[in-house]
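Me: I'd like to talk through this chain with you, starting with the overall layout and then moving to single residues. Could you keep the answers plain?

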Amino acid sequence: MKFNETSISGLVIIEPKVFNDSRGYFFEPYNKDKFDKYFGITNFVQDNESKSSEGVLRGFHFQKPPYDQAKLVRVISGEVLDVAVDLRPKSKTFGSHFSIKLS
């Protein structure tokens with residue numbers, strides 16, 4: 001598992017190590033010890049999945065404290081243009097955006 005910093009403070013691209021063979025593939029999308037070592041103590045309390053048709057623009061997600069939460073985005077099939085905008089007024093990267101094609 002590789003953690004890649006982005007231009008936005010706190011936004012990280014996580015690349016899992018994927019093991020392919022004739023049966024398909026296997027990878028570990030989450031490992032508490034590795035996440036805790038990189039991010040500090042993590043506590044995942046909810047896991048959601050959605051499926052979108054081609055051309056769909058899906059959701060802008062923003063929560064203010066005390067309802068704020070981290071997002072872990074994974075693409076199972078196809079590709080997604082994922083865009084993050086830093087809306088935290090006190091952040092050093094306030095107003096910055098980052099986009100990546102996830103597949």
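Reply: One term first: helices (H or I, at least four residues) and strands (E, at least two) are DSSP runs, numbered from the N terminus. Please also keep in mind that this is a predicted model.

Me: Fine. How many helices and strands does the chain have, and what pattern does the chain follow along the sequence?
Reply: The chain has one helix and six strands, and reading along the sequence gives the pattern β-β-β-β-α-β-β.

Me: What box do the C-alpha atoms fill, and what share of the residues is buried?
Reply: Taken along the principal axes, the C-alpha atoms fill a box of roughly 50 × 35 × 25 Å. Of the 103 residues, 14% count as buried, and the accessible surface comes to about 9,200 Å², with 53% of that belonging to carbon and sulfur atoms.

Me: And what about contacts between residues at least 24 apart?
Reply: Among contacts between residues at least 6 apart in sequence, 39% join residues at least 24 apart.

Me: Which residues make the nonpolar surface patch?
Reply: Phe 62, Leu 81, Val 83, Val 85 and Leu 87 make a nonpolar surface patch of about 490 Å². Phe 62 is found in the loop between α1 (32-39) and β5 (80-85), and Phe 62 is partly exposed, with a relative accessible area of 48%.

Me: What else is found in that loop between α1 and β5?
Reply: Thr 42 is found there, and so is Pro 66. The peptide bond that leads from Pro 65 to Pro 66 is cis, with omega near 10°.

Me: Back to Thr 42: buried or exposed, and what does Thr 42 touch?
Reply: Thr 42 counts as buried because its relative accessible area is 13%, and the cut-off for buried is under 20%. Leaving aside residues up to four places away in sequence, Thr 42 touches Tyr 30, Lys 32, Phe 35 and Asp 36.

Me: Lys 32 and Asp 36 caught my eye; how do their side chains meet?
Reply: The side chains of Lys 32 and Asp 36 meet in a salt bridge, at 3.0 Å from N to O. They are four residues apart in helix α1, so about one helical turn separates them. Lys 32 counts as partly exposed at 38% relative accessibility, whereas Asp 36 counts as buried at 18%.

Me: Why can such side chains pair at all?
Reply: In general, side chains of opposite charge can pair when their charged atoms come close.

Me: How many salt bridges does the count come to, and how many positive and negative side chains are there?
Reply: The count comes to five salt bridges. There are 15 positive and 13 negative side chains, and the centres of the two sets lie 4 Å apart.

Me: Which residue does Lys 101 form a salt bridge with, and where are the two found?
Reply: Lys 101 forms a salt bridge with Glu 79, and the closest N and O atoms are 3.7 Å apart. This pair links distant parts of the chain, given that Lys 101 is in strand β6 (residues 97-102) and Glu 79 is in the loop between α1 and β5, 22 residues apart. Lys 101 counts as exposed at 57% relative accessibility, and Glu 79 counts as exposed at 54%.

Me: And Lys 34, what does its side chain meet?
Reply: The side chain of Lys 34 meets that of Glu 28 in a salt bridge, 3.4 Å from N to O. Lys 34 counts as partly exposed at 37% relative accessibility, and Glu 28 counts as partly exposed at 32%.

Me: New topic: where is Ile 8, and is it buried or exposed?
Reply: Ile 8 is found in the loop between β1 (2-5) and β2 (12-15), and Ile 8 is buried, with a relative accessible area of 4%.

Me: What does Ile 8 touch?
Reply: Not counting residues up to four places away in sequence, Ile 8 touches Ala 84, Asp 86, Arg 88, Thr 93, Ser 96, His 97 and Phe 98.

Me: How far apart in space are Ile 8 and Phe 19?
Reply: Ile 8 and Phe 19 are 30 Å apart, C-alpha to C-alpha, while they are 11 residues apart in sequence.

Me: Last one: where is Gly 24, and what separates Gly 24 from Lys 90?
Reply: Gly 24 is found in strand β4 (residues 24-27), and Gly 24 counts as partly exposed at 29% relative accessibility. The C-alpha atoms of Gly 24 and Lys 90 are separated by 45 Å, and the two residues are 66 residues apart along the chain.

Technical notes
Residues are numbered from 1 along each chain as its sequence is written. This is a predicted model: local features need pLDDT of at least 70, side-chain atom pairs count only at pLDDT 80 or more; totals for chains, interfaces and linings use all residues. Side-chain values use heavy atoms; hydrogens and water are left out. Buried means under 20% relative accessible area, exposed over 50%, partly exposed in between (1.4 Å probe, protein chains only). Contact means heavy atoms within 4.5 Å. Accessible areas come from the Shrake-Rupley method with a 1.4 Å probe; for residues, only the protein chains shown count as cover. Lys and Arg count as positive and Asp and Glu as negative; His and the chain ends are not counted. The place of a charge is taken as NZ of Lys, CZ of Arg, CG of Asp or CD of Glu. Patches are made of residues with over 30% relative accessible area and no salt bridge: like charges are joined within 9 Å, nonpolar side chains (Val, Leu, Ile, Met, Phe, Trp, Tyr) within 5 Å. A salt bridge is a side-chain nitrogen of Lys or Arg within 4 Å of a carboxyl oxygen of Asp or Glu.
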